[in-house]
Amino acid sequence: MPTMLICLTFVYAALAAFVWFWRLKREAADYPLGRELAVLAAALLPHGISLLLPVLAGRVLILGFGYATAAVVWLMLMLYLAGSFFYRLRGLQLLLYPLSAALLLAAVLFPGHSAAYRLDDWPFMLHIVSSLLAYSLFGITTLIAVLILWLSRDLHRHRLSPARSFLPPLLSLEKMMFQSMWAGFALLTVSVVSGTFFSEAVFGRPFTFTHKNLFGVLSWFIYALLLLKRVMMSWRGKRPALWTIAGFVCLMLAYAGSKFVLEVLLNR
């Protein structure tokens, strides 16, 4: 698996270089999206197989910092690939491919300690799958929020940058951000509720209040307030984008941050 992840890191880095080169040197209207998606689909196939083989071999789900990171990268890229057939996502890959390459490199360098979980443990599987999907969706949502801030800055400065022709309109980005946030919020709700109120069924022990739970619940409240203000006040602009990023930071501290500290830094 590490060798495959190293190869995929180079593929995603090459895609990132290609997208940025096109943004800086070419016309956005001529961008070969079909060829980009074909290369991405070809890369996602071995990426998915490398994640699936350990599961099929041992009939268990193997989770560690490196494996979970590689799984989230695969899910984010799959969401982008599938979403590209229904939405105008051009511009998202400017951030998505560099981030994917960096995360896969981190997965290779810091694999952490892997733990095996039975596939027939349905409460735990529901919690893990909903968590990974929520992380992936909110990762996409956060990248869209960064694009909104980028485009808003250019509009505020009355500057016509190459990104303006490459990115979707600002209103379209905001609409996509909240649509993906709704889906991620539903999955995060399943994850938080299962991990909090059904802790004994999921983890085999009573609920204990930890920093992981604190940041998980905090991120849930941030996204809940964001969506509530969107429904009641049609909230838009830079502030919801900034709060979206803040919510994802809390979400990262709840799982990825604690995993990295415990498995990589403390070697536990």
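Buried means under 20% relative accessible area, exposed over 50%, and partly exposed in between (1.4 Å probe, protein chains only). The views below show a predicted model, in which local features need pLDDT of at least 70 and side-chain atom pairs count only at pLDDT 80 or more, while totals for chains, interfaces and linings use all residues. Residues are numbered from 1 along each chain as its sequence is written, and side-chain values use heavy atoms, without hydrogens and water.

**View 1. The whole chain, a mix of 10 helices and two strands.**
Let's start with the overall picture. Helices (H or I, at least four residues) and strands (E, at least two) are DSSP runs, numbered from the N terminus. Reading from that end, the elements follow the order α-α-β-α-α-β-α-α-α-α-α-α. The protein chain has 268 residues, and 46% of them count as buried. Its average pLDDT (the predictor's confidence in each residue, from 0 to 100) is 82, with 82% of the residues scoring at least 70. Among the elements, helix α4 (residues 93-109) has the highest mean pLDDT, 92, whereas helix α8 (residues 199-203) has the lowest, 54. Where pLDDT is low, the predicted coordinates should not be read in detail.

**View 2. The largest cavity, with a lining drawn from two domains.**
A cavity is a set of points on a 1 Å grid over the protein atoms alone where a 1.4 Å probe fits but cannot get out; lining residues have an atom within 4 Å of a point. The structure holds one cavity of 30 Å³ or more. The volume of the largest cavity is about 40 Å³, counted as the space filled by probe spheres set on points joined across faces, edges and corners. Around the largest cavity you will find Arg88, Leu89, Arg90, Gly91 and Leu92, together with Ile144, Leu147, Pro168, Leu173 and Met176. Seven of the lining residues are nonpolar, one is polar and two are charged (Ala, Val, Leu, Ile, Met, Phe, Trp, Tyr, Cys and Pro count as nonpolar, Asp, Glu, Lys and Arg as charged, and the others, Gly among them, as polar). Helices α5 (122-156) and α7 (170-196) each give at least two residues to this lining. Domain 1 (1-120) and domain 2 (144-267) each contribute at least three, with bounds from an automatic or database domain assignment.

**View 3. Phe185 in helix α7.**
Staying with α7, look for the side chain of Phe185. Phe185 counts as buried because its relative accessibility is 13%. Its partner in this view is Ala134: the two residues are 51 apart in sequence, yet their C-alpha atoms are 7.2 Å apart in space.

**View 4. Pro98 in helix α4.**
Pro98 has a relative accessibility of 32%, so it counts as partly exposed. Follow the chain back 82 residues from Pro98 and you reach Ala16, with 5.5 Å separating the two C-alpha atoms.

**View 5. Leu45 in helix α2, and helix α3.**
Leu45 sits in helix α2 (residues 33-58). Its relative accessible area is 57%, and therefore Leu45 is exposed. Between the C-alpha atoms of Leu45 and Trp74 there are 9.6 Å, although 29 residues separate the pair along the chain. Helix α3 (residues 65-83) is mostly covered, with 15 of its 19 residues buried. Its end C-alpha atoms lie 27 Å apart, in agreement with the 27 Å that 19 residues should span at 1.5 Å a residue (1.5 Å times one less than the number of residues).

**View 6. Helix α9 (residues 211-233), with His211.**
His211 counts as partly exposed because its relative accessibility is 44%. From C-alpha to C-alpha, His211 and Tyr255 are 9.6 Å apart, and their positions lie 44 residues apart in sequence. The 23 residues of α9 reach 32 Å from first to last C-alpha, close to the expected 33 Å. The buried residues of α9 include Asn213, Gly216, Ser219 and Ile222, as well as Tyr223, Leu226 and Leu227. Just after α9 comes Ser234, with a positive phi near 50 degrees.

Definitions and conventions: On a 1 Å grid over the protein atoms alone, a cavity is a set of points where a 1.4 Å probe fits but cannot get out, and a pocket is an open set with protein on both sides within 12 Å along at least five of seven lines; lining residues have an atom within 4 Å of a point.
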